[in-house]
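Hi,

Here is the structure I said I would pass on. Have a look at it first, and then read my notes on the pockets and the surface below.

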Amino acid sequence: MSNRTLPARSAEHAATLRALAAAGAPLLLPNAWDAGSAAVIAAAGAAAIATTSGGVAWSAGRGDGQGLDRAAMAEAVRRIAAAVDVPVTADVEGGYGPAPEDVAETVRAVVAAGAVGVNLEDSAAPGGPLFTVAEQSARLRAARAAAAEAGLPGLLVNARTDVHLFGVGPADVRPAEVLRRAEAYAAAGADSLFVPGLLDLAALKELTAASPLPVNAMAVPGGPTVAELAAAGVRRISLGTALAQAAYTAAHRATAELLGTGTYGTLGGALDYGTLNGLLTGR
């Protein structure tokens, strides 16, 4: 892909995302699943937005875990990026193929769609196993090279490791394995490390002190607060599928109330029609 196909705002948005990631406070990334959710998130004040592969897949009637193909996911990213004026980083799951060239093609597709960052996970399949360190390092180098070739060398590459999320290996060796991967991924050109499934504050503090990459945690209801994660050294906090789950749960509860009691109390307090419509009209 030549520079001529790069969206006009991409270089500026990539620089903004990098500046936010380097700022003193953690980068907070609510996760959107369609253009409407992205517009609402931006209107609430988010300085940047991440996509959620699960939410995007659900909105298309598919399951998470590369239930959508590269083209469908890139098109969803395009709609999300076009709906907002803030940087968008795309969850590209495992890269839609195991080979480095698969990852490169995915990066080219989402850069063309307007993304200025990507999450690339090291799971070879949902639930594991993981790619070897050498394999994932080659995939990360391919992502870095593809971004440069696409005219966006500033693409922020967030390397996700699923060691904790999927409980890979004995619990007592997982911290060392995560650190080993962090060191290799940094050498391969990653900008940050995403460790979903790890919310123990003491363990996070040890990891953030030793990792050559800034650490991203996935927050969950009832888990550590932003302030607690920041105190543990976490530099980036995202929500994964949680916002999409909350939205679909609201639809489920309102429908159950309608069909059960014939009332509509669950719908109270919603954003009004004019506000929502105005966020997207004329874009």
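Before the pockets, one bit of vocabulary: Ala, Val, Leu, Ile, Met, Phe, Trp, Tyr, Cys and Pro count as nonpolar, Asp, Glu, Lys and Arg as charged, and the others, Gly among them, as polar. Also keep in mind that this is a predicted model.

I'll take the second largest pocket now, since that vocabulary applies to it. Its volume is about 490 Å³. There are 18 residues lining the second largest pocket, and A246, A247, A250, A270 and L271 are the closest to its centre. Two elements, α2 (35-43) and α10, give two or more residues each to this lining. Which of the elements gives the most? That is α10, with seven residues. Sorted by class, the lining of the second largest pocket holds 13 nonpolar, four polar and one charged residues.

Now for the largest pocket. You'll find about 570 Å³ of space in it. Its lining is made of 42 residues, and those nearest the centre are S53, D64, D91, E121 and R160. Quite a list of elements gives two or more residues to the lining of the largest pocket: the strands β3 (49-51), β4 (88-91), β5 (117-121), β6 (156-160), β8 (215-218) and β9 (236-238), plus the helices α3 (53-59) and α10 (242-260). Here β4 gives the most, with three residues. The class count for the largest pocket comes to 17 nonpolar, 19 polar and six charged residues.

On the outside, look for L258, L259, Y264 and L267, which together make a nonpolar surface patch of about 480 Å². If you want to find L267, go to the loop between α10 and α11 (273-280). Is L267 buried or exposed? It counts as exposed, because its relative accessibility is 53% and the cut-off for exposed is over 50%.

For a contrast, try N216, which sits in strand β8. N216 has 0% relative accessibility, so it counts as buried; the cut-off there is under 20%. And if you'd like a distance to try in your viewer, take N216 and A35: they are 181 residues apart along the chain, and their C-alpha atoms are separated by 24 Å.

That's what I have for now. Happy browsing!

Cheers

Key: Residues are numbered from 1 along each chain as its sequence is written. This is a predicted model: local features need pLDDT of at least 70, side-chain atom pairs count only at pLDDT 80 or more; totals for chains, interfaces and linings use all residues. Side-chain values use heavy atoms; hydrogens and water are left out. On a 1 Å grid over the protein atoms alone, a cavity is a set of points where a 1.4 Å probe fits but cannot get out, and a pocket is an open set with protein on both sides within 12 Å along at least five of seven lines; lining residues have an atom within 4 Å of a point. Grid points are joined across faces, edges and corners, and a volume is the space filled by probe spheres set on the points. Helices (H or I, at least four residues) and strands (E, at least two) are DSSP runs, numbered from the N terminus. Patches are made of residues with over 30% relative accessible area and no salt bridge: like charges are joined within 9 Å, nonpolar side chains (Val, Leu, Ile, Met, Phe, Trp, Tyr) within 5 Å. Accessible areas come from the Shrake-Rupley method with a 1.4 Å probe; for residues, only the protein chains shown count as cover. A salt bridge is a side-chain nitrogen of Lys or Arg within 4 Å of a carboxyl oxygen of Asp or Glu. Buried means under 20% relative accessible area, exposed over 50%, partly exposed in between (1.4 Å probe, protein chains only).
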